[in-house]
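Subject: The structure for you to look at

Hi there,

Here is the structure I promised to pass on to you. Have a look at it first, and then read my notes below.

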Amino acid sequence: MMIARPVLLALTLVASPVPFPRATAVSIKDFAFVPSVLNVSVGETVTWTNQDDDPHSVVANDKSFRTRALDTGEKDSIIFDKPGEYGYYCSLHPHMTAKIIVAAP
Ligand SMILES: [Cu+2]
């Protein structure tokens, strides 16, 4: 049974539904933020990585945060220290929109 437990644990992790993704990384790809809605907890850092050939940026709708313009392969991070919903967009392509939802601890 000692050998079987890690296997069982791995299967459980794979099989468990994940209602709120916990990743703190957002890819910018094909002129879209992936995932478009990201759930994090207060104090977590979100890192955006530009995987497109065109530059992109991240700007909060309320201007409370922004990254620098990111060229291909570049990344930048924002720390979210207050709960709330933060819509954001790309200042270079304003049709690119997404959201960070920050949960209270
Ligand atoms: Cu863009």
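How many residues lie between β1 and β2 in the hairpin that they form? There are two residues between these strands, and D30 in the turn has a positive phi of about 50 degrees. Please keep in mind that this is a predicted model.

**The overall layout**

The protein has 105 residues, of which 19% count as buried. It contains one helix and eight strands. If you read along the sequence, the pattern is α-β-β-β-β-β-β-β-β. Among the contacts with a separation of 6 or more, 44% are between residues 24 or more positions apart.

**The sheet with β1**

Let's begin with the sheet that holds the hairpin. It is an open sheet of four strands in the order β2-β1-β4-β6, and its pairing is mixed. At its edges stand β2 and β6 (75-79); each has a single partner strand, so one side of each is left without a neighbour in the sheet. From one strand to the next, the twist averages 25 degrees.

Inside this sheet, β1 (residues 25-29) is a good strand to follow. Its pairing with β2 (residues 32-34) is antiparallel, over three bridges, and K29 stands opposite A32 in β2. Strands β1 and β4 (residues 45-50) run parallel and are joined by four bridges. There, I28 stands opposite N50 in β4. You can also see two faces on β1: V26 and I28 make up the covered face, while A25, S27 and K29 make up the uncovered one.

**The sheet with β8**

Another open sheet of four strands has the order β3-β8-β7-β5, again with mixed pairing. Here the edge strands are β3 and β5 (59-60), each of which pairs on one side only.

Try tracing β8 (residues 97-103) next. It pairs with β3 in the parallel sense over five bridges, and with β7 (residues 84-89) in the antiparallel sense over six bridges. Some partners are easy to find on screen. On the β3 side, N39 has I101 as its bridge partner in β8, and V40 stands opposite V102. On the β7 side, E85 stands opposite I101, and the bridge partner of Y89 is T97. I101 therefore appears in a pair with N39 and also in a pair with E85.Which side chains of β8 are buried, and which are not? They alternate along the strand: A98, I100 and V102 point to one face and are buried, whereas T97, K99, I101 and A103 point to the other and are not. The neighbouring strand β3 (residues 37-41) has two faces as well, with L38 and V40 on the covered one and V37, N39 and S41 on the uncovered one.

**The nonpolar core**

Here is a general idea to carry with you: in soluble globular proteins, nonpolar side chains tend to be buried together. In this model, the largest nonpolar core has 16 residues, and V40, V46, W48 and I100 touch the most other members. The elements that give two or more residues to this core are β1, β3, β4, β7 and β8. With three residues, β8 gives the most.

V46 is a nice residue to click on. Leaving out residues up to four places away in sequence, V46 touches T24, V26, L38, V40, S77, I78, F80 and I100. Among these are V26 from the covered face of β1 and both L38 and V40 from the covered face of β3.

**A residue in a loop**

Finally, take a look at R66, which lies in the loop between β5 and β6. Is R66 buried, exposed or partly exposed? R66 is partly exposed, because 14 other C-beta atoms lie within 10 Å. Again not counting residues up to four places away in sequence, R66 touches S57, V58, V59 and A60. The C-alpha atoms of R66 and S77 are separated by 9.2 Å, and these residues are 11 apart along the chain.

Enjoy exploring it, and write back with any questions!

Best wishes

Terms used
Residues are numbered from 1 along each chain as its sequence is written. This is a predicted model: local features need pLDDT of at least 70, side-chain atom pairs count only at pLDDT 80 or more; totals for chains, interfaces and linings use all residues. A residue is buried if 20 or more other C-beta atoms lie within 10 Å of its own, exposed if 12 or fewer, and partly exposed in between; C-beta atoms are placed from the backbone. Two strands pair if DSSP finds at least two bridges between them. A nonpolar core is a set of buried Ala, Val, Leu, Ile, Met, Phe, Trp, Tyr and Cys residues joined through C-beta atoms within 7 Å. Two residues are in contact if their C-beta atoms, placed from the backbone, lie within 7 Å. Axes are lines fitted to C-alpha atoms, for helices over the stretch in contact, and angles run from 0 to 180 degrees between N-to-C directions.
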